[in-house]
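Please open the structure in your viewer, with the sequence panel beside it, and keep a selection tool ready. The stops below move from pairs of helices to single residues.

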Amino acid sequence: MRIGIDVGGTNTDAVLLDGRQVLAAVKTSTTADVTSGIVAAIAGLQEQRPFDPADVRAVMIGTTHFINALVEARRLAPTAALRLSLPAGASLPPMVDWPGRLIEAVSGRGYLVHGGHEFDGRHIAELDEAEVRKAAADMGQAGVRSVAITSVFSPVNAEFEARAAEIVAAELPDAAISLSSEIGRIGLLERENATIINAALRELAAHIVDGLASSVGGAGITAPLYLSQNDGTLMDVDFARRYPVATFASGPTNSMRGAAVLSGLDTCAVVDVGGTTSDVGVLRHGFPREATTDVTVAGIRTNFRMPDVLSIGIGGGSRVREGAVGPDSVGYELTSRALVFGGDTLTATDIAVAAGRAEIGDPSLVAHLDRGLVEAALRRIADDVADVVERMRTSAEPLPVVAVGGGSVLLPDELAGAGEVRRPDHYAVANAIGAAIAQIGGEVDRVYAVEPGRRDAVVDAAKQEAVDRAVAAGASPSTVQIVDFDEVPIPYLPGNATRIRAKAVGELQLTDAKGR
């Protein structure tokens, strides 16, 4: 058995699975401290289907803690960005395009030193260790507690980043250090931004992961704890402490993976209607289609692994006004502020109850709503969601639509231009199911200089490295397979430069309480 938990802005969903069979499913309100909501969700599972905590092999959690901290600019550590690029790369300093409030929230400081590589691994300049030590000393005086180190083309060769990290660690032994070669892809500024975000979240990550572990342990569960990543795979708690940025899109990703399992479709559009937003993405071979362009997070351009998802402010908690639904939401206060719960705010949930699409709260409290207002609100929701689904299509081929999330009762049985809307069993907790069935992945994304006649050997080596990374992360070796592969020649660079990306995925290797 395994437990999947997804913490959203409005609800915390949890499921108990035996293999792929759902034994119990609960939906509770997200709490301000989040962890007590998780404790309540696990207690709800125990109440619905009593189980021995020792029989649980793993607990998987998807959380919005880290993306919320960035968006709200709260609880971020004083952070410095060290870029190894001189004499090149000096015209645009670190954090050049960041919103001012976020630079202030991380007490952002930037340092440029000599170093970096060309695309083929040749040195732009040798690493100047004296400059690195001087920068580290200044960071210490400024009270910096987390450092992001970025070198030009470090995904090709990370030697300078590794050496700079050793020097900084010697000068600042208590500082957390994040390396861009382990976080982002090719593209200096976007990779640097992702690394700075990760560094700013490191202290919070340690606190949050410890809190999650204690809430699970408090329920008597001793099984390993995993967190969901942006690409639909899992990471263990130690990885989560080092790379909190990898959890940013775990909510919609979990819902999409859950939709694939519940519907039996591995290629479709998924509409996840939660309490605050509706997230629309596309599944390809059972995994979310990844964004191929830079992704903007809280106003910052980044290029780490993110699903291609469009979000609109329509959910069960969305406020309804004349002619408009959302984008603002009452969030986790839904059960106290919606009309059906005796509150004073007209929400999309009230509209669903008034239309007979949901049985929540007291229907008599919305019986007075004007029929025209109800129908107009439902039409607006259907039109807005249909428009987003249409924008996510990349071909003329019809794309089945699967609706999940508790708020999906707001959607009609057919969407204009997209046809029938499918709602599989357990659709309301698809996100928690997606977390529970998530697999372990490994990825390689690098520019290779492919010599004539060596293409097959280079491709095989890249695929094998992706497989090895998945196994090292905890995948069962016999189940690992390549699920995504891209090979793009880069014509404006010499030496037959080719960007190769390979992604491998396998089942989590589980052990019981006795380590078997």
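Is the crossing of α1 and α6 left-handed or right-handed? Before judging it on the screen, bear in mind that this is a predicted model. Select residues 35-48 for helix α1 and residues 188-217 for helix α6, whose axes come within 9 Å and cross at roughly 25°. An angle under 35 degrees counts as roughly parallel, and α1 is therefore roughly parallel to α6. The crossing of the two helices is right-handed. To see where they meet, show the side chains of Thr35, Ile38, Val39 and Ile42 in α1 together with Gly211, Leu212, Ser215 and Val216 in α6. Coloured by residue class, this contact between α1 and α6 divides into 5 nonpolar and 3 polar residues, with no charged ones.

Next, select helix α4 (residues 129-142) and helix α5 (residues 159-171), which pack with their axes 9 Å apart at an angle of about 40°. These two helices are therefore described as oblique to each other, and their crossing is right-handed. The residues to display are Glu129, Val132, Arg133 and Ala136 on the α4 side, and Arg163, Ala164, Ile167, Val168 and Glu171 on the α5 side. In this contact of α4 with α5 there are 5 nonpolar and 4 charged residues, and no polar ones.

From the helices, move to strand β5, residues 79-86, and select Thr79, which lies in it. Thr79 counts as buried because its relative accessibility is 1%. A polar atom of the Thr79 side chain lies 2.7 Å from the backbone oxygen of Ala77, a distance that can be drawn directly in the viewer. If neighbours within four places in sequence are left aside, the residues in contact with Thr79 are Val106, Ser107, Gly108, Arg109, Val144, Ser146, Ile196, Ala199 and Ala200.

Now look at what lies on either side of β5 along the chain. In the loop between α2 (65-72) and β5, select Arg75, a residue other than glycine whose phi is positive, near 60°. Arg75 counts as partly exposed, because its relative accessibility is 46%. On the other side, Pro87 lies in the loop between β5 and α3 (100-105), and the peptide bond that joins Leu86 and Pro87 is cis, with omega about 10°.

Stay in the loop between β5 and α3 and select Pro94, which is also found there. Is Pro94 buried or exposed? With a relative accessible area of 11%, Pro94 is buried. Apart from neighbours within four places in sequence, Pro94 is in contact with Ala81, Arg83, Gly110, Tyr111, Leu112 and Glu192. For a sense of scale, draw the C-alpha to C-alpha line from Pro94 to Val59: these residues are 35 apart in sequence and 38 Å apart in space.

Then go to strand β12 (residues 278-284) and select Ser278, which is found in this strand. Ser278 counts as buried, because its relative accessibility is 0%. A polar atom of its side chain lies 2.7 Å from the backbone oxygen of Ile314. Ile314 also appears among the residues in contact with Ser278, which, leaving aside neighbours within four places in sequence, are Asp272, Val273, Leu310, Ser311, Ile312 and Ile314.

Further along, centre the view on His426, placed in the loop between β21 (419-422) and α12 (430-436). Although His426 is not a glycine, its phi is positive, at about 60°. His426 counts as partly exposed because its relative accessibility is 38%.

The last selection is Glu487, in strand β23 (residues 481-489). At 31% relative accessibility, Glu487 counts as partly exposed. Which residue shares a polar contact of 2.6 Å with the side chain of Glu487? The partner is Arg455, and the contact runs between the two side chains. Not counting residues up to four places away in sequence, Glu487 touches Arg455, Val459, Thr498, Arg499 and Ile500. As a final distance to draw, the C-alpha atoms of Glu487 and Met235 are separated by 26 Å, with these positions 252 residues apart along the chain.

Definitions and conventions. Residues numbered from 1 in each chain as written. Predicted model: local features only at pLDDT ≥ 70, side-chain atom pairs only at ≥ 80, totals over all residues. Heavy atoms only, no water. Axes fitted to C-alpha atoms, helices over the stretch in contact; angles between N-to-C directions. Helix = DSSP H or I, 4+ residues; strand = E, 2+ residues; numbered from the N terminus. Parallel < 35°, antiparallel > 145°, perpendicular 65-115°, else oblique. Left-handed = near helix turned anticlockwise from the far one by under 90°. Contact = heavy atoms within 4.5 Å. Nonpolar A, V, L, I, M, F, W, Y, C, P; charged D, E, K, R; others polar. Buried < 20%, exposed > 50% of the residue type's maximum accessible area, 1.4 Å probe, protein only. Polar contact = N/O pair within 3.5 Å; in protein donor to acceptor, adjacent residues only side chain to side chain.
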